[in-house]
Amino acid sequence: MATRRGTVLLVTTAVLAGPVLSACTSADPTDEVRDTAQAFLADWSGGDTAGAAARTDDEALATTLLDQTATDLPGATLAADLGDVSVDTDEGSTATATWTATWDLAAAPDWTYQATLDLTRDGESDSWTVTAEPTLVHPELAQGQHLQLTRTLPDRAAITDATGAPLFSPTEVVNVGVDTAQVTDLPALAAGLSAATGVSAEEITADVQAAPSGQFVPVITLRRPDFEAIRAQVFDLPGAVFPTDTRLLAPSPRFGAALLGRVGAATAEVLEETTGDDDQPLYAEGDQLGLSGLQRAYQEQLAGTAGFSVAVISLDTATGDTGRVVDTVDPVPGTPVQTPLVPAVQNAADAAVAGQALATHLVVVRPGTGEVLAVSSNEAATAANALSGQFPPGSSMKTMTATALLSAGTVTPDTAVACPGTTVVDGREFENEDEFDLGTVPFTEAFAQSCNTTFIQQGLTLPDDALSAAAASYGVGTDWQLPVGVFSGTVPATSTGTTKAADAIGQGEVLMSPAQMALVAAGIASGTPAAPVEVVGAEPAGAAPAGPGQAVLDQLRPMMREVVLSGTATALADQGEVYGKTGTAEFGTNTPPDSHGWFVGYQLGGPQGDLAFAVLVEAGQSSSVAVGVADAFLSNLAT
């Protein structure tokens with residue numbers, strides 16, 4: 001403003017000095033009016049409310065108006081487009097400027113309206129100022145009023161199964177918590193709630209002590225059946241309260257958790273409320289809402305677009321004014337996301353892993369399509385590890401080592417190979433389980449009995465990159481582009497010596513996820529390996545792997561069948577036409593080392609059609625425990 005006023009003063013002085021410039025005072029002021037209006041709008045839309053207010057005839061009132069608008073439209077940003085400017089030709093000291101306001105509202109569509117600025121010429125400074133009045137914010141705003149924005153959320157769209165049926169549905173939950181005003185013995189209350197819920201007593205105590213009297217302090221939210229199981233332990237604790245609620249939940253707590261993700265407590269509140277608050281604004285991003293998996297990846301599509309209404313309402317709350325709506329936009333519902341999950345398969349997998357005390361994962365894939373039919377982890381497991389975990393695959397890797405050997409023509413299923421109890425590579429001794437020694441046997445038998453020494457000796461004859469190439473033919477190492485990431489595995493192409501030997505039996509530097517091992521099994525079953533599919537109709541996760549070729553698969557499949565018929569997985573012999581490979585994968589620094597248990601395989605012509613799957617029992621110590629999970633899974637499918 002100082003610069004503008006200085007300029008005007010210079011002009012005034014020039015007028016007094018001589019008549020030559022007198023025409024300037026009577027010249028058309030439209031440009032100056034336009035500049036003033038534009039500067040005001042630029043300051044306001046740029047967030048400089050103080051600068052904008054200083055361009056008005058009542059800085060204090062303008063500041064109040066603009067600050068109130070920022071409060072009324074939290075998180076919104078203004079784009080202002082100046083339109084026509086009109087100067088009163090009779091008076092020459094008043095003008096109007098039309099402009100278009102476009103508010104980028106948080107978590108709602110843009111709000112656009114036409115407005116007008118009134119301007120006056122200051123007689124003393126001969127400069128133009130914007131008239132500070134409520135209509136500069138909105139044409140229907142009057143003194144003593146403000147805007148009230150109310151967002152309206154659409155129904156959240158469903159994540160569906162392979163048939164299009166919703167997987168998440170409104171489910172009654174019980175919010176176990178504390179009413180701080182009713183607490184009589186906090187240590188006893190915290191101990192009782194902790195014993196029943198598993199939430200630490202220290203955490204409960206700290207939360208209650210930090211809360212004001214009479215406030216509800218949440219401890220845990222449980223499905224109704226889970227609450228009923230602990231009701232007797234908690235219901236009579238003084239201070240404990242149990243308000244009910246409804247949440248969008250999957251059929252069971254662990255149902256497809258790694259893939260589907262969850263709708264967190266904050267999200268459930270957002271689904272039901274129409275206005276936000278400081279602690280949980282409606283426009284929070286997916287991570288703030290407690291979202292994960294597909295719920296997070298497709299948050300925008302599932303949530304749809306919020307609608308809103310804007311009302312003019314009295315600043316005096318005592319008037320009981322409910323407001324007068326000046327604009328409204330209806331919400332737009334979200335669009336469903338369809339997964340290839342098959343509930344019968346998922347439920348069978350969930351029941352199978354639930355029988356294990358150790359962390360256990362089971363991933364099921366449709367051969368030929370790569371569709372993920374089930375992703376299951378039990379309560380002891382970190383669910384994400386089913387898809388993105390990185391584990392040594394142990395002898396389940398021999399499916400790929402055998403692929404490399406058969407592709408190279410080094411052996412055939414009938415080739416006689418040595419299976420000594422131990423073998424030494426560069427001074428390091430490798431052994432079979434319990435150092436079993438088969439002597440010389442057909443390659444198929446060495447595979448079925450999981451003879452480490454055979455695969456190490458034969459694997460060392462291959463080019464250094466042969467194992468990596470064989471694995472890649474099933475998609476291992478591919479950078480899958482998926483909404484929920486899958487670790488596709490890593491097999492070094494440059495390993496030599498003892499590392500190369502260890503890689504051949506799934507140790508060394510080889511790492512896999514259960515999901516990728518299921519994809520390998522699916523590629524063997526179908527002969528046409530496919531990229532994984534987590535969402536029906538989504539962009540492909542990558543190019544389909546080339547596969548090792550039909551001739552190799554024709555030799556490998558009977559070898560995998562023999563594992564079930566006479567080898568290390570005979571417990572599955574009565575489960576129909578099942579093919580597979582067991583694996584025991586050492587890890588850690590204990591002596592003797594701990595081991596993960598694996599089973600990787602497929603079933604043809606089962607109750608749910610052809611299925612490929614991988615089972616991992618973390619620290620299971622033996623592949624037999626993974627075979628047991630696979631057996632339970634296939635039995636569950638048959639019932």
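## Exercises around Thr-453, a hairpin and a sheet

Thr-453 sits in helix 16 (residues 452–459); helices (H or I, at least four residues) and strands (E, at least two) are DSSP runs, numbered from the N terminus. This is a predicted model, in which local features need pLDDT of at least 70, side-chain atom pairs count only at pLDDT 80 or more, and totals for chains, interfaces and linings use all residues. Residues are numbered from 1 along each chain as its sequence is written, and side-chain values use heavy atoms, with hydrogens and water left out.

**Exercise 1.** Find out whether Thr-453 is buried or exposed, and what its side chain reaches.

*Solution.* Start with accessibility: buried means under 20% relative accessible area, exposed over 50%, partly exposed in between (1.4 Å probe, protein chains only). Thr-453 has a relative accessible area of 0%, so this residue is buried. Next, look for a polar partner: the Thr-453 side chain reaches the backbone oxygen of Pro-420 at 2.7 Å. Finally, list contacts (heavy atoms within 4.5 Å). Beyond four places in sequence, the neighbours of Thr-453 include Thr-422, Thr-423, Phe-430 and Glu-431.

**Exercise 2.** Describe how strand 17 and strand 18 are joined.

*Solution.* First, the pairing rule: two strands pair if DSSP finds at least two bridges between them. Strand 17 pairs with strand 18 (residues 428–431) in the antiparallel sense, over four bridges. One bridge partner is Glu-431 in strand 18, which faces Thr-422. Now the turn: the two strands form a hairpin with two residues between them, and Asp-426 there has a positive phi of about 50 degrees. Last, the faces of strand 17 (residues 422–425): Thr-423 and Val-425 are on the covered one, Thr-422 and Val-424 on the uncovered one.

**Exercise 3.** Work out the strand order of the open sheet and what lies across its strands.

*Solution.* Begin with the order: four strands run 1-2-3-4, with antiparallel pairing. At the edges, strand 1 (77–87) and strand 4 (127–130) each pair on one side only. The twist averages 30 degrees from one strand to the next. Inside the sheet, 10 bridges join strand 2 (residues 94–104) to strand 3 (residues 111–122), and Thr-102 has Thr-112 in strand 3 as its bridge partner. Then add helix 2 (residues 30–45), which lies across strands 1, 2, 3 and 4 at about 165 degrees to strand 1. For such angles, axes are lines fitted to C-alpha atoms, for helices over the stretch in contact, and angles run from 0 to 180 degrees between N-to-C directions.

Key:
A polar contact is a pair of N or O atoms within 3.5 Å; within protein, one must be able to donate a hydrogen and the other to accept it, and residues adjacent in sequence count only if both atoms are side-chain atoms.
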